Amino acid sequence: MITVCGSQESILHILQYLKEAGPQDGLHISSKTVLWFPAGRTFSAGTLNGWSVVDSAGVQLLGGSVSTDQNYINSVALARVLKCQQSTELMMHLRDPQLQLLLLRACLGSTKVVHLLRTSPPCLISPAIKQMESCLRDTLRSIIVGDGPWFDDFQFDLATLPIDMSGLGVYNPADISNFAYVASMVGTQGLQDRIMGVEPPPLPVEFHRSLESLQSIIGPLSDIELPQQTQSTLAKMFYDKKRSWLVSSPYITSRPVALQRRFLAILESTRQPHASDFLFALPNEGLCQVMTSMEFRAVMALRLLIPKFSGLRLCSRKNCTAPMDAFGYHAICCVGKQMFQRHELVADALHMLAFDAKLQPQRNAPVQCLGLIRRRSPTTGILVTKYRPADVLLNWDRPRTCVDSTVVSPILATMPVKFVPGAAALAAQNLKYAKHDDACAAAGYPFIAFAVDAFGVLAPDSLSMLKRLAALLQITKMYPEYLAHQLVFRRISFAIHLGVARQLIARREHDLYF
C-alpha cells in the first residue's frame, strides 16, 4: 500500500506517472484506488482522467480515520466499539466467570482497540471511549459479582490495573486513551518530520491538549524527556499514579486502622511475582484447574476487597466462637477441615508436577521424622497417634528427599505497621526447617520445606524448587522454557487459590449473597 499526499495537481501527475511507468517496474495500481481531497475537490470529473473520487467527510486508512470532521472520526470509533460490544455479549453466554475473565483480558485490549486509541485524539472520540468504558464496567460486574452488590468505582479501578499492580489486567480504554495517543505522536514525530519535509507542520492542538491532560496526572515532562518516552513507560507512570490514588482512597482510609493494614497487605501480596499466576491458568479438569462460579467469585472478592459476610455473626464452624469479619479474613485462618483441604490441594499439585518431571514421587509416604499426629480412625472412630507422613517423597539431589508443604495466612489478628510481603511464608519455611531438618537428616532423608502464603507468595526455597521442576519438565516433556515455567507456577498458584476459595465458601452465610 502506498499513500500519496500533496497538492491536487501533484497527486494527479504522480498517479498518472505510476499508471504509465509503474508496470515495467512491477508496480500496478489497484482498481480499488480512490482519491480523497480533505479540502474538497476543485477539479471537474473530466480533469481527473477517470480516477474514482470519494466525496465523504473522511476515509479509513490502515484501520484509522483520516478526516477533519469530528463527527466522522467519532462514527468510525463507535463502529469499532459496536463490534467489541458484540464480541463481549457473545462471550458472556459462556456462563463461566473463570473463562470469561481470560477471554476479556485477551480480547478487550485487542490491537484494533489500541490502534484506535493511538491514532485518534481522545477529545474527538470521547463518546466512543465512554461507551467502551461502560461496556467494560458492566461486563466486569457480571463476571466478579454476578447480580450482586459491592462492585463500585473502587473495585472497577482496581480491577483495571495491571496484574503486577494488584489488578486483573483488564485495561480500561479510558485509561489507555490518556497516554496511547501521546505516545503514538511522540514516537512517530521523527518519521513525520522526514515525510513532511524540512519545515514540518506543528503538532496539532489535540496533541497538546492530550499532553497537558496526561501531565496533570503523571507530572510534567520536559522537552528532552518526552521524546524518550514509549507507550510502555508512559503507561507505567500512569498506572503507578493511579494505584497510589487507590491506596489512599476513602474506600481504604475511612476504615479502622486494623482493616486498612489488612487491605494494604493484600494489595502488596497480590502484586508479588507469581502470586497472581492463577489468573492465566486455562480451565482444565485434568490438571485440577477448574473453579465453580462461586469459588471464582469468592477469590475475586478477596482480591478486590469486596465484603461477602455480614460481619455481625460468629464463625459457622462447629466449636469456633470467633466473630466472622465482613471480608472473610477469619475464614482463611480458621483451623478445620477446609484448611487441611487447602494444604492437600497444594501437595497434590506438587506431587503431579514431580510425577511429570520423572522424580518418582510418593504421596503421603510413611516416614518417622516429621513428628506425630492424632487422627480419628474412619472405621472405629477412635483417636490414633501415628507418625506424620511426608507430603511428597521424591528422588531429588539424592534419593528419597522428603518434602513438607504448608500454606499460611499473612493476615494476622494484629497486623504490623509495616507489612513485608512473603514474610509469613518465609517464617513458615524457617519453622519447618527448625522442626524437621535435623530429624530427617538423622533418618537419612534430605528435607525441603515448601511454604507459600494464602495469597500465592512463595518462600525462597519454594521458588527455587518450582524453578528446578520447570527445568526438569523441559527435559522430560520437551517443553519450551516459557511453557514449562507457565505450567508449573500456574498450577501451584491455582491450587492455592482454589483452597482459599473453598475455605471462604464453607463459612458463607446462606441468607446473604455470595
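Is D175 buried or exposed? In this predicted model, D175 has a relative accessibility of 9% and therefore counts as buried, since the limit for that class is under 20%. This report begins with the surroundings of that residue and then turns to other salt bridges, to cysteines, to a loop residue and to helix packing.

## Salt bridges

The structure contains eleven salt bridges. One of them joins D175 to K242, with 2.5 Å between the closest N and O atoms. This bridge connects distant parts of the chain, for D175 belongs to helix α7 (residues 173-176) and K242 to helix α10 (residues 231-247), 67 residues apart. K242 has a relative accessible area of 7% and is buried, and D175, as stated above, is buried too.

A further salt bridge is formed by E268 and R271, whose closest N and O atoms are 3.9 Å apart. Is this distance short enough for a salt bridge? The question of where the limit lies is settled by the cut-off: a side-chain nitrogen of Lys or Arg must be within 4 Å of a carboxyl oxygen of Asp or Glu, so the pair at 3.9 Å qualifies. E268 is partly exposed, with a relative accessible area of 28%. R271 is likewise classed as partly exposed, its value being 27%. These two residues also belong to a network of salt bridges that links R243, E268 and R271.

The table sets out three of the salt bridges with their N to O distances.

| Salt bridge | Closest N and O atoms |
|---|---|
| D175 and K242 | 2.5 Å |
| E268 and R271 | 3.9 Å |
| R363 and D348 | 2.8 Å |

## The surroundings of R363

The last pair in the table deserves a fuller description. R363 lies in strand β5, and its side chain meets that of D348 in a salt bridge, with 2.8 Å from N to O. The two partners come from distant parts of the chain: strand β5 covers residues 362-365, D348 is in helix α15 (residues 337-356), and 15 residues separate the pair. With a relative accessible area of 17%, R363 is buried, whereas D348, at 34%, is partly exposed.

Which side chains make polar contacts with the side chain of R363? One is that of E344, at 2.9 Å. Another is that of D348, at 2.8 Å. If neighbours within four places in sequence are set aside, R363 is in contact with E344, A347, D348, H351, A390 and D391.

## Cysteines

How many disulfides does the model contain? The count is zero. C334 is in no disulfide, and the nearest cysteine sulfur, belonging to C315, is 3.8 Å away. The reason is the cut-off: because two cysteine sulfur atoms must be within 2.5 Å, a distance of 3.8 Å does not count. C334 is buried, with a relative accessible area of 3%.

C402 is in no disulfide either; the sulfur of C440, the nearest cysteine sulfur, is 4.3 Å away. The relative accessible area of C402 is 0%, and this residue is buried.

## A loop residue

L124 is found in the loop between α4 (111-119) and α5 (126-145). Its relative accessibility is 14%, so L124 counts as buried. Not counting residues up to four places away in sequence, L124 touches Q70, I73, N74 and E206. L124 and Q360 are 236 residues apart in sequence, and their C-alpha atoms are 63 Å apart in space.

## Packing of helix α13

Two packed helices are described by the angle between their axes and the distance between the axes. Helix α13 (residues 293-303) gives two examples, one with α18 and one with α5.

The axes of α13 and helix α18 (residues 481-506) come within 8 Å and cross at roughly 95°. This makes α13 roughly perpendicular to α18. On the α13 side, the residues that meet α18 are M294, E295, A298, V299 and L302. Their partners in α18 are H497, L498, V500, A501, R502, L504 and I505.

α13 also packs against α5, at an angle of about 110° and with the axes 7 Å apart. α5 and α13 are therefore roughly perpendicular to each other. Here S142, I143, I144 and V145 in α5 meet F296, R297 and M300 in α13.

How values were computed: Residues numbered from 1 in each chain as written. Predicted model: local features only at pLDDT ≥ 70, side-chain atom pairs only at ≥ 80, totals over all residues. Heavy atoms only, no water. Helix = DSSP H or I, 4+ residues; strand = E, 2+ residues; numbered from the N terminus. Buried < 20%, exposed > 50% of the residue type's maximum accessible area, 1.4 Å probe, protein only. Polar contact = N/O pair within 3.5 Å; in protein donor to acceptor, adjacent residues only side chain to side chain. Contact = heavy atoms within 4.5 Å. Axes fitted to C-alpha atoms, helices over the stretch in contact; angles between N-to-C directions. Parallel < 35°, antiparallel > 145°, perpendicular 65-115°, else oblique.
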